[in-house]
2 protein chains.
Amino acid sequence: MANNNKKMVESITSMDEDFAKWYTDIVLKAELACYSDVRGCMIIRPYGTALWENIRNDLDSRFKAFGHENIMLPMFIPESLLQREKDHVEGFAPEVAWVTHGGEEKLAERLCVRPTSETLFCDHYAEIIHSYRDLPKLYNQWCSVVRWEKTTRPFLRTTEFFWQEGHTMHETADEAMEETERMLNVYADFCEQSLAIPVLKGRKTEKEKFAGALATYTIEAMMHDGKALQSGTSHYFGDGFARAFGIQFAGRDNTLQYPFQTSWGMSTRIIGAIIMTHGDDNGLVMPPAVAPVQLVIVPIATHKPGVLEAASALCDNLKSVVRVCVDDSDNSPGWKFAEHEMKGVPLRLEIGPRDIQNNQCVIVRRDNREKTIVSLNEIKEKLPLLLKDVHDGLYQKALARRNSMTYTAKTMSELKELADNKPGFIKAMWCGDEACETELKEKAGITSRCIPFEQHEVSQNCVCCNKPAKELVVWGKAY
Amino acid sequence: MANNNKKMVESITSMDEDFAKWYTDIVLKAELACYSDVRGCMIIRPYGTALWENIRNDLDSRFKAFGHENIMLPMFIPESLLQREKDHVEGFAPEVAWVTHGGEEKLAERLCVRPTSETLFCDHYAEIIHSYRDLPKLYNQWCSVVRWEKTTRPFLRTTEFFWQEGHTMHETADEAMEETERMLNVYADFCEQSLAIPVLKGRKTEKEKFAGALATYTIEAMMHDGKALQSGTSHYFGDGFARAFGIQFAGRDNTLQYPFQTSWGMSTRIIGAIIMTHGDDNGLVMPPAVAPVQLVIVPIATHKPGVLEAASALCDNLKSVVRVCVDDSDNSPGWKFAEHEMKGVPLRLEIGPRDIQNNQCVIVRRDNREKTIVSLNEIKEKLPLLLKDVHDGLYQKALARRNSMTYTAKTMSELKELADNKPGFIKAMWCGDEACETELKEKAGITSRCIPFEQHEVSQNCVCCNKPAKELVVWGKAY
């Protein structure tokens, strides 16, 4: 038993030894995803798909609560349509996949596989928006998109990835700005309430914003290794695309006006964030709200009469409160423990002959391995509370880590010292000049993660050029 | 009011005048879908997307009840992988979209956008199937696929379409055959129980079966115009792909064996079947189980005090039993009636000042326009029953139509006479020779829809060559 357990655990590289390998080990061994024969594309396996479906359902109901509707647009964009907005095409054209032939026939116009769908949405909006009564339009799409990436890693950067993309049109700039902020908050709430991941909310610098946007808002999460992972973005476009696509509506005053636009997206990248925020050397740790399995029942001494029956009856009884399954395979309990730890199941329930006699069971938390003996009379009420404890435990641990790995730098030498030796976020003041941003990248290897909404003054001058500072920026290395 | 109503209704071409135009009118005016600027691709609008989501959720839970798991594979297939199985590539290569460039670089090997994913699944199964303990593998994928169609029509035939594709692997041929039949029955049950569409179950002829399959089972529905619509298919592959892809497992007797395979799919085509089975000259008629809105509340005399409040309170009260909304727009009731009839909402609830006084409301069924006065005390209990009545009404009407439009032919002249003059299904005996099948297509313009599971003898000889008949075939024109 102990041997088996050890063997499973040994098969993951430890986080400290090689973080990148630890990550890949978890992806593969928890069976979230595997590589495919298609360059840069992964296969998301049933366990990963179930996780994505829970993420999707949770986010989708948050979107719908604000009146958003889903829509399904084509996966192809004709080259001329992609070129309609200048900044946008410059940003995306170098990294799209081009379809040039349909069957045996060469196409008159190339089609790209969508890297994002602003152009398709705008083309459609031009058809259906005529009056202020048609606004706002609050559309969202769940789909996959393709970007021709040079180096790829499962979930973090793949040629094809899954996401949702919201695209909305509004009567006024104010309403569009409100929407941009609202959806960033939806993402932040989702990360904190459902994924137990604390995030930093802020605005991207000009250099880092989305191609074609006037402003990009972001939520940034800190991974175990101190690197940042951009976990969701929300863009404000003004009326730039509307002008490029000729989208006009008759306003309340009967004049023709251009609507104001937003888009916002969250992708399967967030699964990478879950792994690198909560995982440990035993494997994945699933946040309870989206865990495909919230509780696994491991019967002990299954050869003894009544044990499997009791486990199965318990499972049926608990189905209404948690996502539960029984592991009745013929593996040893130790092997099962290691297996479900690897897969990050938040709670394990052990039940054996003596437990049955005593009308109790043992619950073990995945996050801290804490064991509790619970009466079978109370188990149904206790489980939701225990899941909440796991969620809170994960969140607090992640928050404490982020706090302990967030530093401030007043001078360039302080900043370089931190960047070289202390993985994490660095708060430092910035004059607003892109030249300084570029210099920090070149000299310290860090990029601006965001200009946080919550501003405070670390010093009075730009950490780079020493001119008067305009704002606080959070810097770091990023995935 | 009456005028408005008339105007809306007049704007659809009548079914008898031009069935194809009637169909397109409904698709566009009920806002299910619209054309896009991308050749052969449609935009599925929010109302159509909500319908597809309900179809998806319903089917998905039926799949999961049999232990199927969802998975997400890449959208691209390298050319060499597509070519691995000979019959399969011959069937699909002429109609795929080819990606030849990624960004600015020309690809060493072309990728096609998946037209179906047997090859990708087999490639993956070769990696993960090693022992009989790994079987069965019961995977399903929800995605879109691309086939380069020459002529397209919304939902019925589009270059890109949405579907699910199940791909399973089994230890024995018998188990795979069982799965093939099981999934056909799942489709048939879904059509009948959730879509109120009666379907004919049967096997495709050699000529009509799926590229690479040993047997293809099908469900065929009859549209309003007597044409058939193939609504779902389930394929048995034997071990052909397994051999081509080198998928082998250690059997119970420790010998290396090839597993047996199935695949099965249902697509957004089924939305075409809903339209053409239940629709009428007033528009769409949604089967209650998948209707995005099952009940629309139309307040009457909204300027009178208390009416809007009563409608809104009623809506809140009914949310737990039906998908309901209030139409509180400033359009006239007549306009609203026509609008929601167009969209096929199964039940309409009218409530005005006098109804409020009498503690009642008026319910109108979409399918037969039957009006019932229902006490507000009973409405919550009555609604599910009324929805069931609509479902049953739709199903019975469709079944009666199919029965009345199903004919038998014993001779070629009888068959030609029917094919020329009587839209519908023709039952006729067949010798099993493909030459006869081809001749019927050439001479009478009909194809074999299926060899129905329920066989009976219409005559003793083949309707075409007069040689002894092997089986009963249902023939017809098809979408």
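I'll start with a hairpin in chain A. The hairpin of β18(A) and β19(A) has five residues between its strands, and A:R369 takes a positive phi near 65° there. A word on terms: helices (H or I, at least four residues) and strands (E, at least two) are DSSP runs, numbered from the N terminus. Two strands count as paired if DSSP finds at least two bridges between them.

Before going on, the provenance. This is a predicted model, in which local features need pLDDT of at least 70 and side-chain atom pairs count only at pLDDT 80 or more, while totals for chains, interfaces and linings use all residues. Residues are numbered from 1 along each chain as its sequence is written, and chains are lettered from A and ligands numbered from 1 in the order in which they are written.

Back to the hairpin. Strand β18, residues 360-365 of chain A, pairs with β19(A) in the antiparallel sense over five bridges. One of the pairs puts A:C361 opposite A:V374 in β19(A). How many of the five residues of strand β19 of chain A are buried? The count is zero, and the strand, residues 371-375, is hardly covered. Buried here means 20 or more other C-beta atoms within 10 Å of the residue's own, exposed means 12 or fewer, and partly exposed is in between, with C-beta atoms placed from the backbone.

Next, the overall layout of chain A. The chain is divided into domain 1 (14-278), domain 2 (293-390) and domain 3 (406-476); the bounds come from an automatic or database domain assignment. Taken over C-alpha atoms, the centres of domain 1 and domain 2 of chain A are separated by 39 Å.

Now the two chains together. Chain A superposes on chain B by a rotation of 180° with 0.0 Å of shift along the axis, at an RMSD of 0.0 Å. The two copies are therefore related as by a two-fold rotation axis. In chain A, the C-alpha nearest that axis belongs to A:V99, 2.1 Å away from it. The superposition is by least squares on the C-alpha atoms of residues with pLDDT of at least 70 in both copies.

How many residues of chain A are in contact with chain B? There are 39, and they meet 39 residues of chain B. Contact means that the C-beta atoms of two residues, placed from the backbone, lie within 7 Å. On the chain A side, the elements that each supply at least two residues include α3 (46-65), α6 (118-128) and β8 (160-170). The largest share, six residues, comes from β5(A). By type, the chain A side divides into 22 nonpolar, nine polar and eight charged residues. In that count Ala, Val, Leu, Ile, Met, Phe, Trp, Tyr, Cys and Pro are nonpolar, Asp, Glu, Lys and Arg are charged, and the others, Gly among them, are polar. Of the interface residues of chain A, 100% are also interface residues in chain B, so the copies meet through the same surface.

That brings me to the sheet across the interface. β5(A) and β5(B) pair in the antiparallel sense over five bridges, and A:W98 has B:H101 as its bridge partner in β5(B). Within chain B, strand β5 (residues 97-102) pairs with strand β6 (residues 105-113), again antiparallel, over four bridges. There, B:G102 is partnered by B:E105 of β6(B). The full open sheet has six strands in the order β4(A)-β6(A)-β5(A)-β5(B)-β6(B)-β4(B), with antiparallel pairing. Why does one side of each β4 lack a neighbour in the sheet? The β4 strands (76-78) of chain A and chain B stand at the edges with a single partner strand each, so one side of each is left free of a neighbour.

On to helix α6 of chain B. Eight of its eleven residues are buried, so the helix is largely enclosed by the rest of the structure. Among them are B:L120, B:F121 and B:C122.

Finally, some backbone details. A cis peptide bond joins A:L135 and A:P136, with omega about -5°, and A:P136 sits in the loop between α6 and β7 (137-146) of chain A. In chain B, a cis peptide bond joins B:L135 and B:P136, also with omega about -5°.

Two non-glycine residues of chain B have positive phi. For B:E31 phi is near 60°; this residue lies in the loop between α2 (19-29) and β1 (33-35) and is partly exposed, with 16 other C-beta atoms within 10 Å. For B:A196 phi is about 60°; its place is the loop between α7 (173-194) and β9 (200-203), and B:A196 is buried, with 27 other C-beta atoms within 10 Å.
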